[in-house]
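Hi everyone, thanks for making time for this. I'd like to walk you through a structure, so please have it up on your screens.

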Amino acid sequence: MESSSVFGVRLSLKQRYFLLLCVAVGAIIAYQSTRNHPETRRMSRLEGLRANSSQFTLERKPFRILGGSIHYFRVPRAYWEDRLLKMKACGLNTLTTYVPWNLHEPERGVFNFEDQLDLEAYLHLAASMGLWVILRPGPYICAEWDLGGLPSWLLQDQNMKLRTTYQGFTDAVNAFFDHLIKKVVPHQYSEGGPIIAVQVENEYGSYAKDKEYMPFIKEALLSRGITELLLTSDNKEGLKLGGVKGALETINFQKLNSNDIKYLDGIQPRKPKMVMEYWSGWFDLWGNLHHVYTAEDMIPVVTEILKLDMSINLYMFHGGTNFGFMNGAYVVGIPAPKPMVTSYDYDAPLSEAGDYTTKYHLLRNLFSHYHTQPLPELPSLRERRAYQPVVIQQHLSLWDSLHFTDKPLKSERPVNMENLPVNNKNGQSYGYTLYETTITSGGSLNSKNNIRDRALVFVDKHFVGILDYITHELALPDGKGRRTLSLLVENCGRVNYGKTLDEQRKDSRIQATGCLCATGPPSQRFSRPNSM
């Protein structure tokens, strides 16, 4: 029988084969572990992202952030890989994403980080493609998202002061961060993960109601194990009030103004300069035209930013979609809030459908000059199908569908949807609420601009008209006897930016005038809450 020795021990041929098999199996297991957890490929790490001089450094070598925003909650999970591959092929090295509190904690104390909301899977995927990550965990994110990502159940507290150190708010933030940050910590650069920086809140300089708030959020991150570079993000005006000691301030804009860059340099000299949000397009509002920011206007600005040796993050690189009822609303500089549309295409370099645009190709050419190796080949476009028209054969009226909803609540005064006794007493977050009462004559119905946001008005199930921010008064027809007055109130989306966040409760408070008489307490019915 043949034999040989290993470390002085004589082995038979069969034993040698067995030993080789064990080595091979071990190698396969190690490979699979590395493939499933790609962060482990880069364990020899000495120093993460630093901002100790006029240039960022990573592993003590000069590093420029070429970033782009793609929000995992706006892109179907099946398309995550496709969108990130296209980001990598464009020459970007860093992914940025917000974290929407209102999706991850739809009810107080009930958390969801699964399927479409599997943030850790998203971070794993980014790492597997060699993309770094800047995480923007909020708790407020703006993002043209309902209430800026804050859960609507916070508004059950009539004294709530959002984005301040009001205890009702800080207690809720602490509970959310207890769940969120423990999922994030293992994905930091120092732990072998892709996260190289974390943003403290978001554009607080444009809100700035509490000087103690930003230090609270910073400490909430640090105390739970965040060790990577901290950043803040503000427009030029917001820079005056939005910073916090120990975090690098970054700027947001679309059109380059040299004075803004000088101002940023002046408040933190000898630090890296970064455009955290370079607005590659803009959001769309209901009733307005689609925003277009041309490639011819954009490329010279991005070129100049890079020439100034600045880092950049394209907001958005790929916008995606405001699924369900999650769109926000805009009220700055206009008389009444306007809701965002469902599409969040944003006129971004990668379209809502994942298609390449002129912006994409020009940016890819520009970014290629900042790489020493050729960029990856462009991923092929996904297969499309043309669907035949769908003809509706049956429908269910509002009145026929009421028995599918919860039992009506009777109340002397209208109750806002956030305080309805549903969702385990977390209120109704989105959708429609039907208010009803009994009237005995016609007259004038005046909302005094208290409809939030739009109401379809019915008398005995017959449509009468609409009340909203523009139309405040309706004439109700005369009639005999007792009739039912119904108002179907739609929450069109809570404001996501500005100083009216505390005022985003949705309800109907109206006043009857003329000969209109109401009898008995009104009742309210509510739609299935939190449907997506």
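I'll begin with the whole chain, then go to the barrel, one residue, and some helix pairs.

First, a caution: what you're looking at is a predicted model. The protein chain has 532 residues, and buried ones make up 53% of them. If you count up the secondary structure, you get ten helices and 23 strands. Now, take the contacts between residues at least 6 apart in sequence: 75% of those join residues at least 24 apart.

Okay, on to the barrel. How many strands does the closed barrel have, and how do they pair? There are eight, running β5-β6-β7-β8-β9-β10-β11-β12, and the pairing is parallel. Going from one strand to the next, the twist averages 25°. On the sheet sits helix α7, residues 258-267, which touches β10 (248-253) and β11 (274-279). The direction of α7 makes about 170° with that of β10.

Let's zoom in on one pair of strands. β7, residues 132-136, and β8, residues 195-199, run parallel and are joined by three bridges. If you want a spot to click on, find Ile-134, which stands opposite Ala-197 in β8.

Now a single residue, Leu-95. You'll find Leu-95 in strand β6, which covers residues 94-98. Is Leu-95 buried or exposed? Its relative accessibility is 1%, so Leu-95 counts as buried; the cut-off for that is under 20%. Who are the neighbours? Setting aside residues within four places in sequence, Leu-95 is in contact with Gly-68, Ile-70, Leu-84, Met-87, Tyr-122, Ala-126, Trp-132, Val-133 and Ile-134. So we meet Ile-134 again, as one of the contacts of Leu-95. Also have a look at Asn-313: along the chain, Asn-313 and Leu-95 are 218 residues apart, but their C-alpha atoms are separated by 8.5 Å.

Some of those contacts lead us to our first helix pair, α2 (residues 80-89) and α4 (residues 119-128). These two pack at an angle of about 35°, with axes 10 Å apart, and their crossing is right-handed. On the α2 side we have Trp-80, Glu-81 and Leu-84, and they meet Ala-121, Tyr-122, Leu-125 and Ala-126 in α4. By class, that contact has six nonpolar residues, one charged and no polar. Leu-84, Tyr-122 and Ala-126 are also on the contact list of Leu-95.

Next pair: α5, residues 167-184, and α6, residues 213-222. Their axes come within 10 Å and cross at roughly 25°. Why do we call α5 and α6 roughly parallel? Angles under 35 degrees count as roughly parallel, and so α5 and α6 get that label. The crossing is right-handed. From α5, the residues that meet α6 include Phe-169, Val-173 and Phe-177, and those on the α6 side include Tyr-213, Phe-216 and Ile-217. In this contact, nine residues are nonpolar, two are polar and none is charged.

Last pair: α8 (residues 295-307) and α9 (residues 358-368). Here the axes cross at roughly 20° and come within 10 Å, so α8 and α9 are roughly parallel too. α8 passes α9 in a right-handed crossing. Among the α8 residues in this contact are Met-298, Ile-299 and Val-302; among those in α9 are Lys-359, Leu-362 and Leu-363. The class count is nine nonpolar, two polar and one charged.

That's my tour, so over to you for questions.

Terms used:
Residues are numbered from 1 along each chain as its sequence is written. This is a predicted model: local features need pLDDT of at least 70, side-chain atom pairs count only at pLDDT 80 or more; totals for chains, interfaces and linings use all residues. Side-chain values use heavy atoms; hydrogens and water are left out. Axes are lines fitted to C-alpha atoms, for helices over the stretch in contact, and angles run from 0 to 180 degrees between N-to-C directions. Helices (H or I, at least four residues) and strands (E, at least two) are DSSP runs, numbered from the N terminus. Angles under 35 degrees count as roughly parallel, over 145 as roughly antiparallel, 65 to 115 as roughly perpendicular and the rest as oblique. A crossing is left-handed if the near helix is turned anticlockwise from the far one by less than a right angle, and right-handed if clockwise. Contact means heavy atoms within 4.5 Å. Ala, Val, Leu, Ile, Met, Phe, Trp, Tyr, Cys and Pro count as nonpolar, Asp, Glu, Lys and Arg as charged, and the others, Gly among them, as polar. Two strands pair if DSSP finds at least two bridges between them. Buried means under 20% relative accessible area, exposed over 50%, partly exposed in between (1.4 Å probe, protein chains only).
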